[in-house]
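Student: I am new to this structure and should like to understand how its descriptions are justified. May we go through the reasoning step by step?

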Amino acid sequence: MDELGARAAALVARHPRHARLRRVGTSRAGNPLHLLSVGHGSRQALVVAGPHANEPVGGATVLRLAERALADPRLTEGADATWNLLLCVDPDGLRRNEGWLSGPYNLGRYARNFFRPGFLEQPEWLPDGPDHAALPETRALLALQEELRPFLQCSLHGVDVGGAFVELTHDLPGLAQRLAHTAARLGIPRELGAYDTLYWPDLGPAVYRIPPPRPGDLTAAITEAAVESTWCHPRRHGTVTAVVEAPMWGVAAVADGSSPADRDAVLRSVSRTLRHDTRRLHRVLARVRPHLAGDPEAARLLAPVDDYLLVCPRLADAWDPDTDDGSGRSLPPMSTAHLVALRIAGRRLALRTAGLLHQLVTRAGSDPTGVLPELERLVDEGCADYHDGCGARWIPVARQVEYQTRVVLAAFELAGRRATAGCRSGEPGWGSQAAVPMHWE
């Protein structure tokens, strides 16, 4: 976290005429929220790094974008644009992941040092609407959106295991082709059936349309991400938001668009495994929780544990072809990619929960309830399934950063066409000329 701020400050010192760094807010723990701006154009682009605490690649990406914008005036003066790069919107959460950020990068180390706050403590979500945003990080981001009224907002996320994809509030024709080219050149699989977009419209391979927000209970919000958010909030300014997902460990099978041989058998297996792991985790939690009363640090780790264990049964029922989950909604047609994504998602929930419980036990320095062996088994089983069962392989950070950078630049060009054509939010027209001539290699 400190390195991000230091590198941004050094960049501004080298380019004082074209780059600025300012504090736009303060986190709950007192960490600064820094905005790095490059260029002096009237058209604003906003890029948000670190919205999820366990997804650090965006910090490196915004620094790379700043360097590209400083090196190529077509991205600033030539486009009448200013790049506004929020270095990290959840610095408190990022600090809690420092146990694995320095490497070595393996699934076991990641799982045992993973942290992501509970649903209600994630800065991009607005479960009670923008007027009732509780987190100072969220309020700072909302204020920035109102100040800048950006034509493009990019939120930089990182899939822990899976593939690359993009979620959009508005269609950007041509982005799917750019994404495919970039992913192929960098050897990164595209996720053709992402779990959290299961019911969302496709705008092209690995590109999905974010649905309008709607009221719902907490479990629906967590599993479907269709609540009010800072992604959708600036729509009234005509802002296009692109959520750019880059995988840390890639799985080739998430790009397999073929028809599965036996969809229902796979779904039954995924649901059965998730239910089995959930029961094991509930038993561990029941033994551990009485020893944690009154510990504020433990409460921060327990919040996401409770969220995950709340949604696991709902997901198992939703995916099980033999179970009516009460939603009245049937599963959409599924490719092999969809089934692999659901397998990964089920394991992800169990592995994250086990990792957080592991930290709760080990931070205390003792294991009076004797649960550590069971947690070790849960972590090892999940990591083995990812590595051996799914073929998950680490993608070097430099390639993750380059992928995100190229996708953001593509979205910048395509959203620039849309803005140049004078399109307003919800209108179908698109400009025919690029606002910024771009080199893609």
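Student: What makes strand S9 (residues 240-250) largely enclosed by the rest of the structure?

Tutor: The model is a predicted one. In it, 11 of the 11 residues of strand S9 are buried, so the strand is largely enclosed by the rest of the structure.

Student: How do you know that S9 pairs with S5, and in which sense do they run?

Tutor: Pairing requires at least two bridges. S5 and S9 are joined by 10 bridges and run parallel, so they meet that definition. Within this pairing, Gly158 has Ala246 of S9 as its bridge partner.

Student: Which strand has 2 bridges to S9?

Tutor: That is strand S10 (residues 393-394), which runs antiparallel to S9. Since at least two bridges are needed, 2 bridges satisfy the definition. Here Trp249 is bridged to Trp394 in S10. Strand S6 (residues 165-168) also pairs with S9 in the antiparallel sense, over 4 bridges, and Glu167 has Val243 of S9 as its bridge partner.

Student: Why is Cys154 called buried?

Tutor: Its relative accessibility is 0%, and buried means under 20%; Cys154 therefore counts as buried.

Student: Why is Cys154 not bonded to Cys232?

Tutor: A disulfide needs cysteine sulfur atoms within 2.5 Å. The closest cysteine sulfur to that of Cys154 lies in Cys232, 14 Å away, and therefore too far for a bond. A search of the whole structure likewise finds 0 disulfides. Cys390 is in no disulfide either, the nearest cysteine sulfur, that of Cys383, being 12 Å away.

Student: Is Cys390 buried or exposed?

Tutor: Cys390 has a relative accessible area of 14% and is therefore buried, the limit being under 20%.

Key:
Residues are numbered from 1 along each chain as its sequence is written. This is a predicted model: local features need pLDDT of at least 70, side-chain atom pairs count only at pLDDT 80 or more; totals for chains, interfaces and linings use all residues. Side-chain values use heavy atoms; hydrogens and water are left out. Buried means under 20% relative accessible area, exposed over 50%, partly exposed in between (1.4 Å probe, protein chains only).
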